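Here is a short briefing to read beside the structure. Keep the 3D view open and find each residue as you go.

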Amino acid sequence: MNTVIYYYTGTGNSLWTARAFAEKLGDTELVPMHRMNHGSHSSKADMVGLVFPVHIWGVPRLVRNFLQSMGKRPGVYYFAVAVNGGQVSRTLIQLKELMAKDGLTLSAGFDIKFPSNYIPWGGPGPVEVQRKLFNAATEKIKVAALYISNRKSGLIEKGPLWQRVLFTGLYKMTYNLVKTLDNSFHIDGTCTSCGICERACPVKNITLEAGRPLWHGSCEQCLACIQWCPEECIQYGKKTKNYERYHHPEVKVEDILRELISKRDFRWQGARVNDIVFHKVE
Ligand SMILES: Cc1cc2nc3c(=O)[nH]c(=O)nc-3n(C[C@H](O)[C@H](O)[C@H](O)COP(=O)(O)O)c2cc1C
Ligand code: SF4
Ligand code: SF4
């Protein structure tokens with residue numbers, strides 16, 4: 001039984017989660033979603049996983065675009081993991097509905113909580129709290145992977161009713177505005193023109209002009225640029241200069257930078273995983 005997991009990540013929580021599932025499920029290929037929007041990835045895998053962060057209480061646009069380009073294989077076992085900062089709301093129900101329109105069945109959907117990377121509202125929280133979240137995620141992944149391995153179906157996790165009532169409307173209201181929210185990014189401090197922000201952006205929304213990043217109004221709000229800048233000189237609005245940056249401690253910037261697709265085999269917590277990554281073109 002082999003598996004392909006399509007993942008999307010800004011700050012590594014979803015990539016770490018995808019790797020952890022791969023390790024538990026065995027014989028798993030990890031494929032980043034964002035480039036697949038511009039090509040196709042044909043997979044004959046028995047099981048297909050979608051691992052992505054919750055954005056604005058729902059399925060991020062990049063994931064929705066990916067779904068349109070993903071090869072449709074009714075009858076295959078599909079599962080999803082909505083990685084989030086504590087408010088999954090009705091993201092997985094929404095995903096199930098979107099997939100149903102394409103004749104696909106989402107058999108299982110898991111809510112896994114991590115430190116929030118939404119820096120306009122604050123930092124990731126105390127290290128001790130972060131550690132508890134990582135431990136809880138590890139435990140939950142064990143249980144969820146067993147559910148998936150046994151091909152069980154029917155569990156689609158959701159947030160409490162108040163979240164689903166309050167936030168579904170907000171998701172709809174903001175969905176078309178997300179692209180232009182990059183107009184709040186600016187540089188405050190010493191930019192070394194290292195290019196990491198440009199290369200970390202999943203949708204090529206940043207170019208360096210005269211050595212400084214310029215945002216082009218096609219933003220997905222993944223926040224990779226602000227969170228991975230080694231100089232911490234990217235700000236969003238007025239408050240972020242006071243907030244700590246975040247990325248998952250076991251994910252490195254090299255795992256996020258993306259230019260060219262190539263494939264590598266590597267070992268992740270003891271298991272062999274095929275990971276399709278991007279390498280720098282020198
Ligand atoms: C634009 C944006 C919106 C977010 N909205 C939510 C949300 O509605 N609910 C939630 O629990 N977390 C939300 N988050 C937090 C992320 O889902 C969470 O930090 C996730 O672990 C990030 O995963 P990543 O590191 O793979 O990008 C949001 C983050 C961003 C950047
Ligand atoms: S990542 Fe930071 S330092 Fe590097 S080019 Fe971008 S803004 Fe400048
Ligand atoms: S501009 Fe920044 S926040 Fe927007 S998609 Fe690119 S990396 Fe993500």
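**Ligands and a salt bridge**

The shell around ligand 1 is made up of 14 polar residues, nine nonpolar residues and no charged ones. Keep in mind that this is a predicted model. The points below start with ligand 1, then turn to ligands 2 and 3, and end with salt bridges.

**Ligand 1: where it sits**

- Ligand 1 occupies the largest pocket.
- Around ligand 1 there are 23 residues. Those that come nearest are T9, T11, S14, W57 and Q87.
- Two elements, helix α1 (13–25) and strand β4 (77–84), each give at least two residues to the shell around ligand 1.

**Ligand 1: polar contacts**

- The side chain of T9 has an N or O atom 2.6 Å from an oxygen atom of ligand 1.
- Q87 uses its backbone instead: an N or O atom there lies 2.7 Å from an oxygen atom of ligand 1.
- I56 also contributes a backbone N or O atom, which is 2.9 Å from a nitrogen atom of ligand 1.
- How much of ligand 1 does the protein bury? Ligand 1 exposes 640 Å² when taken alone, and the protein buries 95% of that.

**Ligand 2**

- Ligand 2 is surrounded by 14 residues. The closest are C191, C194, G195, C197 and C229.
- Its shell holds ten nonpolar residues, three polar residues and one charged residue.

**Ligand 3**

- Ligand 3 has 14 residues around it. C201, C219, C222, L223 and C225 come nearest.
- In the shell around ligand 3, eleven residues are nonpolar, two are polar and one is charged.

**Salt bridges**

- The whole structure contains eight salt bridges.
- One of them pairs E220 with R61. Their closest N and O atoms are 3.5 Å apart.
- Which parts does this pair tie together? E220 is in the loop between β8 (212–215) and α8 (224–228), while R61 is in helix α3 (residues 61–69), so the salt bridge links parts that are 159 residues apart in sequence.

Key:
Residues are numbered from 1 along each chain as its sequence is written. Chains are lettered from A and ligands numbered from 1 in the order in which they are written. This is a predicted model: local features need pLDDT of at least 70, side-chain atom pairs count only at pLDDT 80 or more; totals for chains, interfaces and linings use all residues. Side-chain values use heavy atoms; hydrogens and water are left out. A residue is near a molecule or strand if one of its heavy atoms lies within 4 Å of it. A polar contact is a pair of N or O atoms within 3.5 Å; within protein, one must be able to donate a hydrogen and the other to accept it, and residues adjacent in sequence count only if both atoms are side-chain atoms. Accessible areas come from the Shrake-Rupley method with a 1.4 Å probe; for residues, only the protein chains shown count as cover. On a 1 Å grid over the protein atoms alone, a cavity is a set of points where a 1.4 Å probe fits but cannot get out, and a pocket is an open set with protein on both sides within 12 Å along at least five of seven lines; lining residues have an atom within 4 Å of a point. A molecule sits in a cavity or pocket if more than half of its atoms lie within 2 Å of its grid points. Helices (H or I, at least four residues) and strands (E, at least two) are DSSP runs, numbered from the N terminus. Ala, Val, Leu, Ile, Met, Phe, Trp, Tyr, Cys and Pro count as nonpolar, Asp, Glu, Lys and Arg as charged, and the others, Gly among them, as polar. A salt bridge is a side-chain nitrogen of Lys or Arg within 4 Å of a carboxyl oxygen of Asp or Glu.
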